[in-house]
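Here is a short report on one protein chain. Please keep the sequence and the 3D view open while reading.

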Amino acid sequence: MSTFWSPGVAALTPYVPGEQPRQRMIKLNTNENPYPPSRGVESVLRHFSCEQLRRYPDPESLALRDMLARTYNVTREQVFVGNGSDEVLAFAFRAFFVRDGEALAIPEYTYSFYPVYCQLYGIELQKIALNDRWEVPLEHFPEKGHAGIAFANPNAPTGHAHSRQDIKALLERQRERVVLVDEAYYGFGSESAVPLVEDHPNLLVTGTFSKSRSLAGMRIGFAIGSRELIEGLERIKDSFNSYPIDPLASAVGIAALEDTQHYDECCRAIMETREATAQALKDLDIDVLPSRANFLFVRPTRHPAADVAAQLRAAGILVRHFGTPGLSDWLRISIGTEAEMTALTGALAAMNQTP
Ligand code: PMP
């Protein structure tokens with residue numbers, strides 16, 4: 001602990017991301033896409049002119065916002081972009097949820113960065129317990145007197161997604177404060193809430209290029225909402241982070257959005273592998289929750305989850321074990337290639353042979 005740190009920083013529990021191994025391993029711990037990005041992305045990288053780096057980027061990131069607007073059938077004014085959706089979420093938390101005496105309602109188990117932002121910005125938290133099917137019970141979110149609502153759909157690390165209809169029903173009861181729906185894992189069989197933005201000026205949907213578009217290293221995230229909400233984010237951005245998305249990321253993002261065929265094929269392959277893996281794990285006596293994301297949330301029944309994670313690691317396979325109370329019996333396993341998942345189920349089958 002340093003005496004130079006301000007009290008807020010001293011009290012902060014930092015976010016700990018999944019391990020990034022130095023040696024080659026089968027990496028199923030951070031929900032990256034196992035397939036390369038679109039060939040269009042490769043071509044942008046090959047032909048990108050250094051001359052463009054000499055200048056500051058377009059302060060409004062118009063080209064990428066226009067392409068996102070076309071993709072999601074909204075207007076440019078309804079789109080905000082940032083360096084990964086983590087950054088966009090940080091802006092949103094600061095812009096909408098810092099309210100004295102009111103708490104932000106989030107699910108008890110969800111993306112572990114939300115509590116970090118709350119600590120960082122002094123936002124009180126109200127955690128809503130998941131139901132017995134490990135789903136976010138939207139009907140349990142408070143209706144009044146709160147600073148807002150934020151949840152991931154599909155949720156992480158559980159993988160359950162609510163339908164657009166469910167979210168519409170939630171929004172009918174929530175008019176006062178912002179409802180943030182984090183769609184980082186959209187693309188793998190869930191419905192997007194973006195079409196609800198038109199009738200619900202308090203709905204903010206965030207998204208990322210890190211998962212379904214295979215661009216975690218490029219850091220591109222976005223938010224879609226009413227003009228009013230986007231303007232709120234722009235105010236924060238000006239004072240907090242004065243640069244827009246860089247020109248290389250912007251060009252790469254546009255190329256990824258243009259290649260709808262690659263996107264569809266990649267997502268389909270991941271969903272097929274997910275379903276085959278879920279069955280193979282169940283055959284090994286492992287409990288598996290239904291998932292509409294690019295990962296599975298599973299509970300080994302023959303050995304403690306922490307031991308399974310450690311043994312898989314020794315076998316060269318990384319999965320995510322959360323030390324969090326309540327989650328310690330579970331593992332989150334990202335969907336890799338078919339071959340990677342065969343290696344995983346093979347290693348787990350071998351473990352089942354040991355007492
Ligand atoms: N939301 C959720 C639910 C996530 O799991 C992640 C990835 N860890 C993010 C947002 C952030 O993704 P990125 O910053 O790569 O866009």
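In which sense do strand β7 (residues 203-208) and β8 pair, and over how many bridges? The pairing is antiparallel and runs over five bridges. Note that this is a predicted model.

**Strand β8 and its partners**

Start with β8, which spans residues 221-225. On one flank, G207 of β7 has F222 as its bridge partner in β8. Strand β2 (residues 79-82) also pairs with β8 in the antiparallel sense. Here the count is four bridges, and F80 has A223 as its bridge partner.

Is β8 mostly covered or mostly open? Five of its five residues are buried, and the strand is mostly covered. Both faces share in this. One side carries G221, A223 and G225, the other F222 and I224, and all are buried.

The two pairings of β8 compare as follows.

| Partner strand | Residues | Sense | Bridges to β8 |
|---|---|---|---|
| β2 | 79-82 | antiparallel | four |
| β7 | 203-208 | antiparallel | five |

**Around the ligand**

Residue G221 appears again in the shell around the ligand. The residues there are G84, S85, D86, Y111, A152, A156, D182, A184, T208, S210, A216 and G221. By class, this shell has five nonpolar, five polar and two charged residues.

**Two domains**

The domain assignment splits the chain in two. Domain 1 takes 7-36 + 261-352, and domain 2 takes 39-260. Their C-alpha centres are 24 Å apart. Domain 1 puts 32 residues into the contact, and domain 2 puts in 27 residues. On the domain 1 side, α10 (260-283) and β10 (295-300) are the elements that give two or more residues. The most come from α10, with eight residues. That side of domain 1 holds 19 nonpolar, nine polar and four charged residues.

**The five-stranded sheet**

Strand β10 also belongs to an open sheet of five strands. The order is β1-β11-β12-β10-β9, and the pairing is mixed. Why is one side of β1 and of β9 left without a neighbour in the sheet? β1 (26-28) and β9 (286-288) stand at the edges and have a single partner strand each, so one side of each lacks a neighbour there. From one strand to the next, the twist averages 35°.

Inside the sheet, β10 and β12 (residues 331-334) run antiparallel and are joined by four bridges. L296 stands opposite I333 of β12.

Two helices deserve a look here. Helix α11 (residues 305-314) packs on the sheet and touches β10, β11 (317-321) and β12. Its direction makes about 155° with that of β11. Helix α12 (residues 338-352) lies across β1, β11 and β12. To β1, α12 runs at about 90°.

**A closer look at A256**

Last comes A256, in helix α9 (residues 247-258). Is A256 buried or exposed? A256 has 24 C-beta neighbours inside 10 Å, so A256 counts as buried. Beyond its neighbours within four places in sequence, A256 contacts P37, S38, V41, F209, R213 and L215. Q119, by contrast, lies 35 Å from A256, C-alpha to C-alpha. In sequence, A256 and Q119 are 137 residues apart.

Definitions and conventions
Residues are numbered from 1 along each chain as its sequence is written. This is a predicted model: local features need pLDDT of at least 70, side-chain atom pairs count only at pLDDT 80 or more; totals for chains, interfaces and linings use all residues. Domain bounds come from an automatic or database domain assignment. Two residues are in contact if their C-beta atoms, placed from the backbone, lie within 7 Å. Ala, Val, Leu, Ile, Met, Phe, Trp, Tyr, Cys and Pro count as nonpolar, Asp, Glu, Lys and Arg as charged, and the others, Gly among them, as polar. A residue is near a molecule or strand if its C-beta atom, placed from the backbone, lies within 6 Å of it. Two strands pair if DSSP finds at least two bridges between them. Axes are lines fitted to C-alpha atoms, for helices over the stretch in contact, and angles run from 0 to 180 degrees between N-to-C directions. A residue is buried if 20 or more other C-beta atoms lie within 10 Å of its own, exposed if 12 or fewer, and partly exposed in between; C-beta atoms are placed from the backbone.
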